[in-house]
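Here are a few exercises to help you find your way around a new structure. Have a go at each one before you read the worked solution.

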Amino acid sequence: MNPTSVNPSQVKGVLSTDARGIDPNIQRKETIFASQLQHDARTRVPLFAKLELSLTGLCNRKCRFCPRSDASFFPNVNEHMSDALLHGMLDELAQAGWKGTVSLSGFGEPLLHPRIREIVGTIHRVLPHARIEMVSNGDRLTAGLARDLFDAGLHVLVLSLYDNESQLLKFDSLRAEAQLRPDQMLLRIRYKSPEEHHGLTLSNRAGTVDLSYLGREKLTAPKSHACYYPHYSLFVEYDGTVLLCCNDWGKVSACGTVGARGLLDIWSSHHMDKVRKALLAGDRSHQPCSGCDIDGTLMGREHAAAWNQHYEDRPELQAS
């Protein structure tokens, strides 16, 4: 097979956007998150199905469609999530009996954390019933590291391929060497042309990326439809800052800091309640949502419905 003309259909476990520009990985995750709808046993608050951890301030790439393409706005920072911060979150979730998905992705490249093997092992040991997924560009991946990560407890590794079709063969071979199945290591095509939006379900990352070169102009007014991100997902930066959503690359929506407050306390805070109710009503007038063009309803429908029911059952929260 010629590496410069690889047919993706000849390689297993390949994800590519459809004619609508929708990544099939979204449907895969939506099915998983829906099955992980869970309520806090004490407060009956619907819990997040996805805990996204941004483990490091580093990334070794600068993609044009990513805020990291402008180092003056989003520079590399050689800092990483500490063991103490990680253990604090995991212990709290273990006590609550949480059984969701821990996603190792965020704003950085997770394989650049110097103790990534130990991190996966720690999560699996403290939260044995949670799923662990990782999103990586694969540049630092070897067959030995891949095998170590799965032996430590990783469930799925999603590799975003930004260069060309030859990466399909490279990582298919690496996957076989590591003795992993195609459903364990998914290969996500991200090297499509700008006309095909690079193979992404594209967004402007809450207004922090200029996509005018793709014909996507900056919003002149906020969108007016719902968004479910803060109903099913919680995002934690490497320094413990909790952000409203993974699209807030400008970091304007800090909801609290892990350590100063408990993770579940932040999740059920008045601030997050206020934003959730606004987004359920299609109100995006607040930052960073006012500049965001993402759909926001492709995942989390069941969680949004659960939160809506929670607010209906708690009339004292309606006016807050």
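**Exercise 1.** In this predicted model, work out whether aspartate 40 is buried or exposed, and find what surrounds it.

*Solution.* Start with the place: aspartate 40 sits in the loop that links α1 (24-35) to β2. Next, check the accessibility. Its relative value is 5%, and buried means under 20%, so aspartate 40 counts as buried. Now look for polar partners: a polar atom of the aspartate 40 side chain is 3.3 Å from the backbone nitrogen of threonine 43. Finally, list the contacts. Setting aside neighbours within four places in sequence, aspartate 40 is in contact with Val45, Leu47 and Leu264.

**Exercise 2.** Do the same for histidine 113: where is it, and which residues does it touch?

*Solution.* Go to the loop between β3 (101-104) and α3 (116-126), and you'll find histidine 113 there. Its relative accessibility is 5%, so histidine 113 counts as buried. Then look at the side chain: one of its polar atoms lies 3.0 Å from the backbone oxygen of methionine 81. Leaving out residues up to four places away in sequence, histidine 113 touches Leu55, His80, Met81 and Ile119. While you're here, follow α3 itself: this helix lies across β3 and β4 (131-136), and runs at about 155 degrees to β4.

**Exercise 3.** Trace the open sheet and say which strands stand at its edges.

*Solution.* First write down the order of the nine strands: β1-β6-β5-β4-β3-β2-β7-β8-β9, with mixed pairing. Then read off the two ends. β1 (14-15) and β9 (254-257) each have a single partner strand, so one side of each is left without a neighbour in the sheet. For a closer look at one pair, take β2 (residues 50-53) and β7 (residues 233-236), which pair in the parallel sense over four bridges. Within that pair, leucine 51 stands opposite leucine 234 in β7.

**Exercise 4.** Find which residues of the largest nonpolar core touch the most other members.

*Solution.* Some background helps: in soluble globular proteins, nonpolar side chains tend to be buried together. Here the largest nonpolar core has 93 residues, and Leu53, Leu104, Leu141 and Leu263 touch the most other members. Helix α4 (residues 143-152) gives the most to this core, with six residues. Now zoom in on leucine 141: beyond four places away in sequence, its contacts are Leu111, Ala146, Leu157, Leu159, Phe171, Leu174 and Met185.

**Exercise 5.** Pick out the buried residues of helix α8 and see what covers them.

*Solution.* Walk along α8 (residues 270-280): the buried ones are Met272, Asp273, Val275, Arg276, Lys277, Ala278 and Leu279. Next, look at the cover, which includes α6 (229-232), β7, β9, α7 (263-267) and α9 (301-313). After the helix comes glycine 282, with a positive phi near 80 degrees.

**Exercise 6.** How many disulfides does the structure hold?

*Solution.* The count is zero. Try cysteine 246: the nearest cysteine sulfur, in cysteine 245, is 4.7 Å away, and cysteine 246 is in no disulfide. With a relative accessible area of 16%, cysteine 246 is buried. Then try cysteine 289: the closest cysteine sulfur belongs to cysteine 227, and at 6.4 Å it is too far for a bond. Cysteine 289 also counts as buried, at 11% relative accessibility.

Terms used: Residues are numbered from 1 along each chain as its sequence is written. This is a predicted model: local features need pLDDT of at least 70, side-chain atom pairs count only at pLDDT 80 or more; totals for chains, interfaces and linings use all residues. Side-chain values use heavy atoms; hydrogens and water are left out. Helices (H or I, at least four residues) and strands (E, at least two) are DSSP runs, numbered from the N terminus. Buried means under 20% relative accessible area, exposed over 50%, partly exposed in between (1.4 Å probe, protein chains only). A polar contact is a pair of N or O atoms within 3.5 Å; within protein, one must be able to donate a hydrogen and the other to accept it, and residues adjacent in sequence count only if both atoms are side-chain atoms. Contact means heavy atoms within 4.5 Å. A nonpolar core is a set of buried Ala, Val, Leu, Ile, Met, Phe, Trp, Tyr and Cys residues joined through side-chain atoms within 4.5 Å. Two strands pair if DSSP finds at least two bridges between them. Axes are lines fitted to C-alpha atoms, for helices over the stretch in contact, and angles run from 0 to 180 degrees between N-to-C directions. A disulfide is a pair of cysteine sulfur atoms within 2.5 Å.
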